[in-house]
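Q: Could we go through the empty spaces and the ligand site of this model together? I would like to hear the reasoning behind each label.

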Amino acid sequence: MMMIHIGIDDTDSPNGMCTTYVGALLYREISRLAHPIDLPRLIRLNPNVPYKTRGNGAVAMSFEADEKDISRIKELVLDMVKSLSDFSHENTNPGVVFLEGEVPKELTEFTYKAIWEHVSIEEAEKAAKEVGAEVHKFKIGRGIIGALASIGHPLDRFTYELLAYRGRELWGTKRRVNKESVFEMDKRFYPLTYDNVDWEKGSVLITPHGKDPVLVGIRGIDEKKVLSAFERIIFEEPVEFFQVFKTNQNTDDHLRFRRIGELKPLESAVVKGKVVKDWWEKGRHVFFELADETGKIRVAAFEPTKGFRRYVRELIEGDEIIAAGGVKEFEGVLTLNLEKFYPAKLAKKVEYKKPKCPKCGGTMKSKGDYLKCKKCGHKMPKTLIPIEVPRELKQKIYEVPPDARRHLSRPLVLPLGEERILEILKKS
Ligand code: ATP
């Protein structure tokens, strides 16, 4: 018997398919020939890369197999990837990686490079060679990056996602899932399963919107609860089959501590800095500037983050905050796309008010550089009184709403939701 690890990626396009679907089918097929070691793994990589279809996910799985079956297993994988991938799309460049035996520890380094930075196809080929992995590229084969990285993920921290799929004849049609049953499910299982619905908007979050084969995805921190939650949903169309994946979703895997001066486009990071320019708004996006001793960056809370922007507008110059997000060029300026922030030290907020009339206690009116009482007409030089106003922000992490959340971002409601950010900071 020997161990074989399989990684696949980039089989899909916005016009259809989904790498998890190919992965789930493969897992079922291979499980007839070999013994699966654990569940299949859905690994989310750098959420900022431009090639991604949706969430930059790759799939890996491991089996204990008879040596004589290894070549059959590989053939099965390659045939299935060939027949199911959406080759018509220019941005679909599937990759398959096989690795036999134990997964070498060195591969973890490559995995985290693919989560934190941009990796080239050549780098993936080099890393594969170093660990003795076998790579198969289709078209330009960019998928080998994700395929290799997914095999190398140690998944010390993980969550689950149950993905249910629809029959091919329904792909591209409206998903028919009973809305009330999803709300009922959420009431019963949240937060052991989470991101099921948005109560404020009254919308269901477990159904995607594209032409892909996914009917619903239920996320949770307990495998049994995810399955029970799935059983409670009323489906108004047939479920072709479903599969539970172990995943690095919602683990904050993409966040690492960086100095502001080191930030590069396409990275994700946690930084600590001082607000050096108060917020301004453009096209419903809210921006401010943050600096540490190494540099300065523009920070953005974009329009889709909705109510989150309210808290960002509470920040003022001098506030010291911890901020997490992805780095991207926006309108030619390097910008940290905010996912979470933690006000570490709030500056004093002072507002200047006009004094009352010293003669009659009436209200004073500004007249250029002097004040005039509205009631008795008393005039005096304009001296304003500083008043400290209480700050609305608390010492807690503020996060974007569920539908604006990145797959990798950890919701605060989960255990360690706050600690992860503070832990990253402590390690720095
Ligand atoms: P889905 O989530 O539906 O599977 P997707 O969003 O994962 O779709 P893909 O079609 O898999 O999108 O495309 C992502 C591509 O980017 C893959 O080819 C993958 O190998 C590559 N990739 C992943 N991480 C990196 C990285 N850090 N640097 C460069 N390329 C990467």
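Q: How many residues surround the ligand, and which are the closest?
A: Happy to start there, with the reminder that this is a predicted model. A residue is near the ligand if one of its heavy atoms lies within 4 Å, and 23 residues surround the ligand. The closest are Asp10, Asp12, Arg54, Asn56 and Gly57.

Q: What makes the pair formed by Asp9 and the ligand a polar contact?
A: The cut-off is 3.5 Å between N or O atoms. A polar side-chain atom of Asp9 lies 2.7 Å from an oxygen atom of the ligand, so the pair counts as a polar contact.

Q: Which atoms of Arg44 and Gly146 lie at such distances from the ligand?
A: For Arg44, an N or O atom in the side chain is 3.5 Å from a ligand oxygen atom. Gly146 uses its backbone instead: an N or O atom there lies 3.0 Å from an oxygen atom of the ligand. As for cover, the ligand taken alone exposes 640 Å², and the protein buries 98% of that.

Q: Which helix gives the most to the shell around the ligand, and how do the shell residues divide?
A: Helix 5 (residues 143–152) gives the most, with three residues. By type, the shell has six nonpolar, nine polar and eight charged residues.

Q: Why is the second largest pocket said to lie between two domains?
A: Domain 2 (159–247) and domain 3 (260–346 + 391–427) both give residues to its lining, so the pocket lies between them. Its volume is about 630 Å³. Of the 25 residues that line this pocket, the closest to its centre are Glu200, Glu399, Val400, Pro401 and Pro402. Strand 9 (197–198), helix 8 (308–312) and strand 23 (398–399) each supply at least two lining residues. The lining divides into 13 nonpolar, three polar and nine charged residues.

Q: What makes a space a cavity, and how many cavities of 30 Å³ or more does the structure hold?
A: In a cavity, a 1.4 Å probe fits but cannot get out. The structure holds one cavity of 30 Å³ or more, and about 30 Å³ of space lies in the largest cavity. Ile322, Ala323, Ala324, Lys340, Phe341, Tyr342, Ile397 and Ile421 line this cavity. Strand 16 (320–330) and strand 17 (333–345) are the elements that give two or more of these residues. The lining divides into seven nonpolar, no polar and one charged.

Q: Is the peptide bond from Tyr190 to Pro191 cis or trans, and where does Pro191 lie?
A: The bond is cis, with omega near 5 degrees. Pro191 lies in the loop between helix 6 (179–189) and strand 8 (193–194). For context, most peptide bonds are trans.

Q: What is the sign of phi in Asp195, and where does Asp195 lie?
A: Phi of Asp195 is near 55 degrees, a positive value in a residue other than glycine. Most residues other than glycine have a negative phi. Asp195 lies in the loop between strand 8 and strand 9.

Terms used. Residues are numbered from 1 along each chain as its sequence is written. This is a predicted model: local features need pLDDT of at least 70, side-chain atom pairs count only at pLDDT 80 or more; totals for chains, interfaces and linings use all residues. Side-chain values use heavy atoms; hydrogens and water are left out. A polar contact is a pair of N or O atoms within 3.5 Å; within protein, one must be able to donate a hydrogen and the other to accept it, and residues adjacent in sequence count only if both atoms are side-chain atoms. Accessible areas come from the Shrake-Rupley method with a 1.4 Å probe; for residues, only the protein chains shown count as cover. Helices (H or I, at least four residues) and strands (E, at least two) are DSSP runs, numbered from the N terminus. Ala, Val, Leu, Ile, Met, Phe, Trp, Tyr, Cys and Pro count as nonpolar, Asp, Glu, Lys and Arg as charged, and the others, Gly among them, as polar. On a 1 Å grid over the protein atoms alone, a cavity is a set of points where a 1.4 Å probe fits but cannot get out, and a pocket is an open set with protein on both sides within 12 Å along at least five of seven lines; lining residues have an atom within 4 Å of a point. Grid points are joined across faces, edges and corners, and a volume is the space filled by probe spheres set on the points. Domain bounds come from an automatic or database domain assignment.
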